[in-house]
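Subject: The structure I promised you

Hi,

Here is the structure we talked about, with its sequence. Have a look at it first, and then read on for what turned up in it.

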Amino acid sequence: MRTYYLFRIREEVAIELKEKEFELFYLLKKLIQKQELPTFQISCYQQLCLPFPKEVLVHYFQEKYHLSHDKEIFHLPHETYQIRSSYLKVTTEKQIPSIFFLICHIDPHIFLCDFQNGDYFYLNDFYSQTKIKS
């Protein structure tokens, strides 16, 4: 079972921290684990990230899967999605859930973190590296 957190990173932050993604991963981990004071967390989040398009994702899940939600949590077989304004949390049995392909089209700077396993990458980078070459 894997738990992924997806964040919309501000373009200027993505450029500034290019090839320093571990620093971004570490900062986001501290924010998620609430190791800082709430006022610092909010300020830091606002400097690093943009809000997630919560309404768009809720609409997508309701239309595609005809699911109702409980506090923006959607349960699918083998996957759970928690949609927050600050991030999308995906708990899955799959290595890379298919919804990631859709989400990478929302914003070019979606940063994915699996804090438990120490994995982090930009979704666009992942998909551009895994394209089948003819």
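Below is what was found, starting with the whole chain and then going into the details.

One thing to keep in mind throughout is that this is a predicted model.

**The chain as a whole**

The chain has six helices and seven strands. If you start at the N terminus and walk along, the elements come in the order β-α-α-α-β-α-β-β-β-α-β-β-α. The C-alpha trace covers about 45 × 40 × 25 Å along its principal axes.

How does the radius of gyration of the chain agree with that of a compact globule? For 134 residues, such a globule would have a value near 14 Å, and the chain comes out at 15 Å, so the two agree. As for burial, 38% of the 134 residues count as buried.

**Three strands in a row: β3, β4 and β5**

Find strand β4, residues 79–83, and use it as your starting point. On one side it pairs with β3, residues 73–76, in the antiparallel sense, and four bridges hold that pairing. You can spot the match at F74, which stands opposite Y81 in β4.

β4 also pairs with β5, residues 88–92, again running antiparallel, with five bridges between them. Here there are two matches to look for: I83 stands opposite L88 in β5, and T80 has T91 in β5 as its bridge partner.

Both pairings are hairpins, so to speak, with their own turns. Between β3 and β4 there are two residues, while the hairpin of β4 and β5 has four residues between its strands.β5 has another partner as well: β1 pairs with it in the antiparallel sense over five bridges. In that pairing, R2 stands opposite T92 in β5.

Now turn the strands and look at their faces. Which residues of β4 are on the covered face, and which on the uncovered one? E79, Y81 and I83 are covered, whereas T80 and Q82 are uncovered. β5 has two faces too: L88, V90 and T92 make up the covered one, with K89 and T91 on the uncovered one.

**Two residues with a positive phi**

H78 sits in the loop between β3 and β4. Its phi is positive, about 70 degrees, although H78 is not a glycine. Is H78 buried or exposed? Its relative accessibility is 52%, and the cut-off for exposed is over 50%, so H78 counts as exposed.

E19 is also worth a click. This residue lies in the loop between α1 (11–16) and α2. E19 is not a glycine either, yet it has a positive phi of about 65 degrees. With a relative accessible area of 70%, E19 is exposed.

**A helix residue to look at**

K64 belongs to helix α4, residues 54–65. Is K64 exposed or only partly exposed? Its relative accessible area is 49%. Partly exposed covers the range between 20% and 50%, so K64 is partly exposed. You can also use K64 to compare sequence with space: K64 and Q95 are 31 residues apart in sequence, and their C-alpha atoms are 22 Å apart.

**The largest pocket**

Rolling a probe the size of a water molecule over the atoms shows where empty space is left. The largest pocket has a volume of about 300 Å³. Its lining is made of Y5, F7, L31, I32, K34, Q41, I42, Y45, R84, S85, S86 and Y87.

Where does the lining come from? β1 (2–9), α2 (21–32) and α3 (38–48) each give at least two residues. The largest share is that of α3, with three residues. By type, the lining splits into seven nonpolar, three polar and two charged residues.

**The aromatic rings**

A pair of aromatic rings is described by the distance of the centres and the angle of the planes. Searching the whole structure gives 14 aromatic pairs. One aromatic cluster is formed by Y5, F7, F22, F25, Y26, Y87, F111, F115, Y120 and Y122. Try colouring these residues to see the cluster, then colour the pocket lining: Y5, F7 and Y87 appear in both lists.

Have fun looking around!

Methods. Residues numbered from 1 in each chain as written. Predicted model: local features only at pLDDT ≥ 70, side-chain atom pairs only at ≥ 80, totals over all residues. Heavy atoms only, no water. Buried < 20%, exposed > 50% of the residue type's maximum accessible area, 1.4 Å probe, protein only. Pairing = 2+ DSSP bridges. 1 Å grid on protein atoms, 1.4 Å probe; cavity = no way out; pocket = protein on both sides within 12 Å on 5 of 7 lines; lining within 4 Å. Points joined across faces, edges and corners; volume = space filled by probe spheres on them. Nonpolar A, V, L, I, M, F, W, Y, C, P; charged D, E, K, R; others polar. Phe/Tyr/Trp six-rings, centres within 6.5 Å; stacked < 30°, edge-to-face > 60°. Rg over C-alpha atoms; globule rule 2.2 N^0.38 Å.
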